[in-house]
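This report goes through pockets, charged pairs, surface and backbone in turn. Please read it alongside the sequence and the coordinates.

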Amino acid sequence: MKKSIYRFITTFLMVGWMVVIFHFSAQPATESSEISGGFCGQLINAVNDRFELKMSEADILQLSEKIEFPVRKMAHMAEYAVLGLFCYLFSKGFFVSHEKCTGVSFVLVFLYAAGDELHQRFVPGRSGQFSDVLIDTLGGICMLLSLHLARKWYLHKCKKNKEAKKRN
């Protein structure tokens, strides 16, 4: 693929995903809470039905409220893991070095997370918190670590295949 086309596609993916994150962050607290609370309620209902737990509506509501916070934080991490992937792919269009791409991706994820939390300070009912910047960045780090490990595994496998071919 031509480098200019690759750069265009990866820029589009990265910026497009940033727009998605911005859209979620622009939701007022009540709307955001309704969405995550509804998701948690559906999740608990599905588990209740699947495993025939026979939980009461009050128990379902109480459990939904208990898991809402960790579910929201995992959603943040997942959003930023995807951003980490797109930032890495974007960086590959400009740098050859895996280490440089990883470093640039980390910085982009961190800066976007910080900017996103700053943006949330202006959204009704939302507050920008540095702890959320760290959680978001951790999502990106998890993706970058996964990419690093996958790359190491792939290179190791290639090396073993080369050695096997030499012996034959």
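Which residues line the second largest pocket? The model is a predicted one, and in it the lining consists of Ala29, Phe69, Arg72, Lys73, His76, Gln120, Gly125, Arg126, Ser127, Gln129 and Asp132.

## Second largest pocket

The second largest pocket holds about 230 Å³ of space. Helix H3 (residues 57-92) gives the most to this lining, with 4 residues. By residue class, the lining of the second largest pocket has 2 nonpolar, 5 polar and 4 charged members. Among the lining residues are Arg72, Lys73 and Asp132, which return in the section on salt bridges.

## Largest pocket

The largest pocket contains about 360 Å³ of space. Its lining is made up of 15 residues, and those nearest the centre are Phe24, Ser32, Ser36, Ala75 and Glu79. In this lining, 7 residues are nonpolar, 5 are polar and 3 are charged.

Three helices, H1, H2 (29-50) and H3, each supply at least two residues of the lining of the largest pocket. The largest share comes from H3, with 5 residues.

## Salt bridges

Side chains of opposite charge can pair when their charged atoms come close. Taking a salt bridge as a side-chain nitrogen of Lys or Arg within 4 Å of a carboxyl oxygen of Asp or Glu, the count for this model is 2.

One of them joins Asp132 and Lys73, with 2.7 Å from N to O. This pair connects distant parts of the chain: Asp132 belongs to helix H5 (residues 130-167) and Lys73 to H3, and 59 residues separate them in sequence. Asp132 and Lys73 are both buried. Both residues also appear in the lining of the second largest pocket.

Arg72 and Glu68 form a salt bridge as well, and their closest N and O atoms are 3.8 Å apart. Here both partners sit in H3, 4 residues apart, or about one turn of the helix. Are Arg72 and Glu68 buried or partly exposed? The limit for buried is under 20% relative accessible area, with partly exposed running from there up to 50%. Arg72 has a relative accessible area of 22%, so Arg72 is partly exposed. Glu68 has 16% and is therefore buried.

## Nonpolar surface patch

A nonpolar patch on the surface is formed by Met1, Ile5, Phe8, Ile9, Phe12 and Leu13, with about 670 Å² of accessible area together. Leu13 is part of helix H1 (residues 3-25). Its relative accessibility is 32%, so Leu13 counts as partly exposed.

## Loops and backbone

The loop between H2 and H3 contains Glu52 and Lys54. Neither is a glycine, yet phi is positive in each: about 50° at Glu52 and about 55° at Lys54. Why does Glu52 count as exposed? Its relative accessible area is 61%, and exposed means over 50%. Lys54 is exposed as well, with a relative accessible area of 73%.

Val96 is located in the loop between H3 and helix H4 (98-120). Its relative accessibility of 75% is the reason Val96 counts as exposed. Val96 and Gly37 are 59 residues apart along the chain, and 43 Å separates their C-alpha atoms.

Conventions:
Residues numbered from 1 in each chain as written. Predicted model: local features only at pLDDT ≥ 70, side-chain atom pairs only at ≥ 80, totals over all residues. Heavy atoms only, no water. Patch = residues over 30% accessible without salt bridge, like charges linked within 9 Å, V, L, I, M, F, W, Y side chains within 5 Å. Areas by Shrake-Rupley, 256 points an atom, 1.4 Å probe, with all protein chains shown as cover. Buried < 20%, exposed > 50% of the residue type's maximum accessible area, 1.4 Å probe, protein only. 1 Å grid on protein atoms, 1.4 Å probe; cavity = no way out; pocket = protein on both sides within 12 Å on 5 of 7 lines; lining within 4 Å. Points joined across faces, edges and corners; volume = space filled by probe spheres on them. Nonpolar A, V, L, I, M, F, W, Y, C, P; charged D, E, K, R; others polar.
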